[in-house]
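Subject: Structure handover

Hello,

Here is the structure I promised to pass on. Please open it first, then read my notes next to it.

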Amino acid sequence: MSIDTAAETDDVTDSSAAWRRLVVSVIVAMIGGVGLWSTVVILPAIEAEFKLDRGAASLPYTATLVGFALGGILMGRFVDRIGVALPVAFGGIMLAVGYIGSSFAQNFWQYVAAQAVLIGFLGSSVSFGPLVADISLWFQKRRGIAVALVASGNYFAGAFWPPLIQWGVEEIGWRQTNVVIGLVCVALMVPLSLLLRRRIDTTSQAAAGPATATARYQMPMSKGGLQALLILAGIACCVAMSMPQVHIVAYCVELGYGSGPGAEMLSLMLGFGIVSRLASGLIADKIGGLATLLLGSTLQCIALFLYLPFDGLVPLYVVSIIFGLSQGGIVPSYALIVRDYFPAREAGTRVSVVLMSTVLGMAIGGWLSGLIFDWTGSYQAAFWHGIAWNVLNMGIAVWLLTSRRPAEPPRAMVSPA
């Protein structure tokens, strides 16, 4: 597969070519995002097939999430070096190998390995951070909404895939359903990758304008220190975010409402999270990624506080909607922050590292909230735990916002007389 590089004289940012690329990227993100949701739907079938308890049956999801996070960093490095097309094609092939291979699993650990390595680490990982980093290079004026749309791909996947997978499990069984998923992924992602072959030359300011090729702001710290601070911020916001998203069903059961209302509240969170994510993209185009992060983090903290006094069924529905509307724009804002503080040639790696730290935050936060519930017998302490992490995220955002300064323009090379 040949990779085309945008000519230095082309102004491709915010062009019709960029918008076409955005549509393709969202579709790829939705298809590749299947790896994050299939284990959730298939969990009861796996539990029965391999005679597991609920904790063990949940392990494939955790393993897939960890593989997804680590693989996103690896794929991001490839995006910086060779562009996104080949990683997308490779991811589609690995999803096919992983899903078809898992359908032949003879024991539980073979299934976990297929999920963690082939589906999470090598397959679905390309569908989030690497795609977000790539599309950020193609937009300047509308970068916020472009990043938000691609970052919403996993939400779209959550709406698209689970009903189809559930129907497949009921009609043909989970093994045959996995075969179909694998074939669909490779049949769609490989051809779509051909539409992503064109690249922007991130080493040249002329390729897409100085604002795209270089950082807009600088901080009174090293690039490594700033990267580490953004990783901590990503973990903190998503440890807080995970409390309602991971435990709302169990919380409703604990309150005596049953799992049905909890599942409906989770659906409302994700649905209004899409609305929030897209609206935040439009807001970010006006006020910037860092201010958008602070806004979303503050609103999320308020929503978490509302869970403490209101535990009636109707109020919980309302608070869950408020939570969905508050948190959707937080994660995409990190990609915009990276593009403001680091040069474009490093976008693939640095965006992927920060976005994957948010995935790890979700995994860590969901686990810690469960532990806190086991220790205290109540979710109240778990909500306070999430609020504390949220305050840490807000503090980092405030410090970054008040400490930044415009980056100095690159000095022109002057030839000796």
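Below is what I found, going from the whole chain to single residues.

First, the status. This is a predicted model.

**The chain overall**

The chain contains 19 helices and 2 strands. It has 417 residues, and 55% of them are buried. The exposed surface comes to about 16,800 Å². Carbon and sulfur atoms supply 68% of that surface. I also looked at contacts between residues at least 6 apart in sequence. Of these, 84% join residues at least 24 apart.

**The second largest cavity**

How many cavities of 30 Å³ or more does the structure hold? There are 2. My notes cover the second largest cavity, with a volume of about 40 Å³.

Its lining can be picked out by residue. Gly144 and Ala148 are part of it. So are Arg277, Ser280, Gly281 and Ala284. Thr292 and Gly329 belong to the lining too. Pro332, Ser333 and Leu336 complete the list.

Which elements give two or more residues to this lining? They are α8 (143-151), α14 (259-287) and α17 (330-341). Helix α14 gives the most, with 4 residues. By type, the lining divides into 4 nonpolar, 6 polar and 1 charged.

**Glu346 and Thr349**

Start with Glu346. It sits in the loop between α17 and α18 (347-376). So one end of that loop is α17, a helix that also gives residues to the cavity lining.

Is Glu346 buried or exposed? It is buried, because its relative accessible area is 16% and the cut-off for buried is under 20%. The side chain of Glu346 makes a polar contact with the side chain of Lys223, at 2.8 Å. Leaving out residues up to four places away in sequence, Glu346 touches Asp80 and Lys223.

Now Thr349. This residue is in helix α18. Thr349 is buried as well, because its relative accessible area of 18% is under the 20% cut-off. What does Thr349 touch, not counting residues up to four places away in sequence? The answer is Gly76, Arg77 and Asp80. Asp80 therefore appears in the contacts of Glu346 and in those of Thr349, with contact meaning heavy atoms within 4.5 Å.

**Three partly exposed residues**

Partly exposed covers the range between 20% and 50% relative accessible area. Three residues to look at fall there.

- Arg198 lies in the loop between α10 (174-193) and α11 (205-208). It is partly exposed, with a relative accessible area of 30%. Its C-alpha atom is separated from that of Val84 by 9.1 Å. Along the chain, Arg198 and Val84 are 114 residues apart.
- Val117 is in helix α6 (residues 108-121). Its relative accessible area is 42%, so Val117 is partly exposed. The C-alpha atoms of Val117 and Thr64 are separated by 7.6 Å. These two are 53 residues apart along the chain.
- Gly260 is in helix α14, the helix that gives the most to the cavity lining. Gly260 is partly exposed, with a relative accessible area of 39%. Its C-alpha atom and that of Val249 are separated by 7.7 Å. Here the two residues are 11 apart along the chain.

**One backbone angle**

Last, look at Asp14. It lies in the segment before α1 (16-32). What is the phi of Asp14 near? It is near 60 degrees. That is a positive value in a residue other than glycine.

**Where to start**

I would begin at the cavity and follow α14, which gives 4 residues to its lining. Then go to Glu346 and its polar contact with Lys223. Thr349 in helix α18 can come next. Finish with Asp14, in the segment before α1.

Best wishes

Notes
Residues numbered from 1 in each chain as written. Predicted model: local features only at pLDDT ≥ 70, side-chain atom pairs only at ≥ 80, totals over all residues. Heavy atoms only, no water. 1 Å grid on protein atoms, 1.4 Å probe; cavity = no way out; pocket = protein on both sides within 12 Å on 5 of 7 lines; lining within 4 Å. Points joined across faces, edges and corners; volume = space filled by probe spheres on them. Nonpolar A, V, L, I, M, F, W, Y, C, P; charged D, E, K, R; others polar. Buried < 20%, exposed > 50% of the residue type's maximum accessible area, 1.4 Å probe, protein only. Areas by Shrake-Rupley, 256 points an atom, 1.4 Å probe, with all protein chains shown as cover. Polar contact = N/O pair within 3.5 Å; in protein donor to acceptor, adjacent residues only side chain to side chain.
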